[in-house]
Amino acid sequence: MSVLEKHLDEQDLARSLRDDVRVGLTATPKSLPPKWFYDARGSELFEEITRLPEYYPTRTERSILREHAGAIARITEAKTLVELGSGSSEKTRLLLDAMLSRGTLGSFVPLDVSESALSSAVDALGLAYPGLSVTGVVGDFIRHLRRLPDGDGRVVAFLGGTIGNLVPAERSAFLGDLRSVLHPGEWLLLGADLVKDPGTLIPAYDDAAGVTAEFNRNVLRVINRELRADFDPLAFEHVALWDAEREWIEMRLRSLRDQRVHIAELDLDVAFAEGEELRTETSAKFRRAGLAEELAASGFALRHWWSDPQDWFGVALAQAITT
Ligand code: AVJ
């Protein structure tokens, strides 16, 4: 059985896009939150990114999950698997298979901002797992945590390294909120991309085929369509850089010329100087010890940690503790 619940209606989405764009494009330096990449086209481009030779996180995480899904199922005895930012839920099948064969699992609750990605995932999963109750929640993993079904025996999976889209203050707020919706003993399964050689990191965000550049420019197309703006996406070039001090990747769009953009829906004109950069994403990279500390500070104990032989990606299994 599968159903889709919407916590983000069109108006809600439109309002938060307007607010984010107004705030981000009138700030210095300019920035936009990464969640606006993911309309139907952006979600497809992201799926394409996950298959690129340079983009190691998805396949590395999948190999870790493939190897340890049985242990995750045994340790957690999950009754409900919740997945935040689930997208296509493709890697999740490894977890669902392991949890179902353990016999503990009754329901799966994927939550994502992209209704298109979520509804196809929910339909496919409903067919593939006829005995499982699948409830897709269209929502934002920051704002709609409290709308997740209550229960016990829940495992919340937050995979793919999406935690890296949050800067440290946002991470601690998010982990604290998540801890407060869980009962002691429930679990967080967290996928985190790890600090590594910039020679590996940068190409993962600046691939030779230019798919990431298209993904990055897609946010301008979303704003054009949703807010009646007149961005010329090709007047911006894709930039990926490694901030060694803060240990994060930044994606930016650099204006190729002096230009003005009109955003009709906001009644706003925005000037870009030649060379001016708009930050569109931060993607933080982690170290095991640092992540264990952040988890502990939010009321989670790191119980297990798995990574690949190259130590490129880490999967943490943390348990909500009594605080
Ligand atoms: C989906 C946030 C994990 O940061 O690696 C991929 C998004 N951005 N290429 C990431 C992304 C550029 C991705 N996350």
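These are my notebook entries on what I looked up in this structure, which is a predicted model.

**Entry 1: the ligand**

I started with the ligand and its surroundings. I found 14 residues around the ligand, and the closest are Tyr 55, Gly 160, Tyr 205, Glu 281 and Ser 283. Then I checked some distances. The side chain of Tyr 55 has an N or O atom 2.5 Å from an oxygen atom of the ligand. For Tyr 205 I also got 2.5 Å, again from an N or O atom of the side chain to an oxygen atom of the ligand. With Glu 281 the ligand atom is a nitrogen, and it sits 2.6 Å from an N or O atom in the side chain.

How much of the ligand does the protein bury? On its own the ligand would expose 350 Å², and the protein buries 96% of that. Next I looked at which elements give two or more residues to the shell, and they are helix H2 (40-50), helix H8 (211-227) and strand E12 (277-284). Sorting the shell residues by kind, I get 7 nonpolar, 6 polar and 1 charged.

**Entry 2: helix H2**

H2 came up in the ligand shell, and I wanted to see its buried side. Gly 42, Ser 43, Leu 45, Ile 49 and Thr 50 are buried in this helix. Why do I say they line one face of H2? Looking down the axis, the buried residues fall within an arc of 160°, so they line one face of the helix. I jotted down a rule to go with this: an α-helix has 3.6 residues a turn, so residues three or four places apart point the same way. The cover over the buried residues of H2 includes helix H3 (57-76), helix H5 (115-128) and H8.

**Entry 3: Ser 114**

Ser 114 is in the loop between strand E4 (107-112) and H5. Buried or exposed? Its relative accessible area is 2%, and buried means under 20%, so Ser 114 is buried. The side chains of Ser 114 and Ser 116 make a polar contact of 3.2 Å. Leaving out residues up to four places away in sequence, Ser 114 touches Tyr 38 and Ser 43. I had met Ser 43 already as a buried residue of H2.

**Entry 4: helix H4**

In helix H4 (residues 92-102), the buried residues are Thr 92, Leu 95, Leu 96, Ala 98 and Met 99. Their cover includes H3, E3, E4, H5, E6 and strand E7 (187-193). After H4 comes Gly 103, and its phi is positive, near 90°.

**Entry 5: backbone oddities**

I went looking for unusual backbone angles. The peptide bond from Thr 28 to Pro 29 is cis, with omega near -10°. Pro 29 belongs to the loop between helix H1 (10-26) and strand E2 (30-31).

Glu 77 is not a glycine, yet its phi is positive, about 45°. I located Glu 77 in the loop between H3 and strand E3 (80-84). With a relative accessible area of 48%, Glu 77 is partly exposed.

Arg 228 also has a positive phi without being a glycine, and the value is near 50°. This residue is in the loop between H8 and strand E8 (236-243). Arg 228 has a relative accessible area of 53%, and exposed means over 50%, so Arg 228 counts as exposed.

**Entry 6: His 262**

Arg 228 turned up again when I listed what His 262 contacts. Not counting neighbours within four places in sequence, His 262 is in contact with Arg 228, Ala 229, Asp 230, Leu 268 and Asp 269. Its side chain and that of Asp 269 are joined by a polar contact of 3.4 Å. His 262 lies in strand E10 (residues 259-263) and is partly exposed, at 31% relative accessible area. I also checked His 262 against Tyr 56: they are 206 residues apart in sequence, and their C-alpha atoms are 38 Å apart in space.

**Entry 7: Thr 162**

Where does Thr 162 lie? I found Thr 162 in the loop between strand E6 (154-158) and helix H6 (168-181). Thr 162 is partly exposed, with a relative accessible area of 23%. Its side chain reaches the backbone oxygen of Leu 159 at 3.4 Å. Last, I looked at Thr 162 and His 183, which are 21 residues apart along the chain, with 23 Å between their C-alpha atoms.

Methods
Residues numbered from 1 in each chain as written. Predicted model: local features only at pLDDT ≥ 70, side-chain atom pairs only at ≥ 80, totals over all residues. Heavy atoms only, no water. Near = heavy atom within 4 Å. Polar contact = N/O pair within 3.5 Å; in protein donor to acceptor, adjacent residues only side chain to side chain. Areas by Shrake-Rupley, 256 points an atom, 1.4 Å probe, with all protein chains shown as cover. Helix = DSSP H or I, 4+ residues; strand = E, 2+ residues; numbered from the N terminus. Nonpolar A, V, L, I, M, F, W, Y, C, P; charged D, E, K, R; others polar. Buried < 20%, exposed > 50% of the residue type's maximum accessible area, 1.4 Å probe, protein only. Arc of directions from axis to C-beta. Contact = heavy atoms within 4.5 Å.
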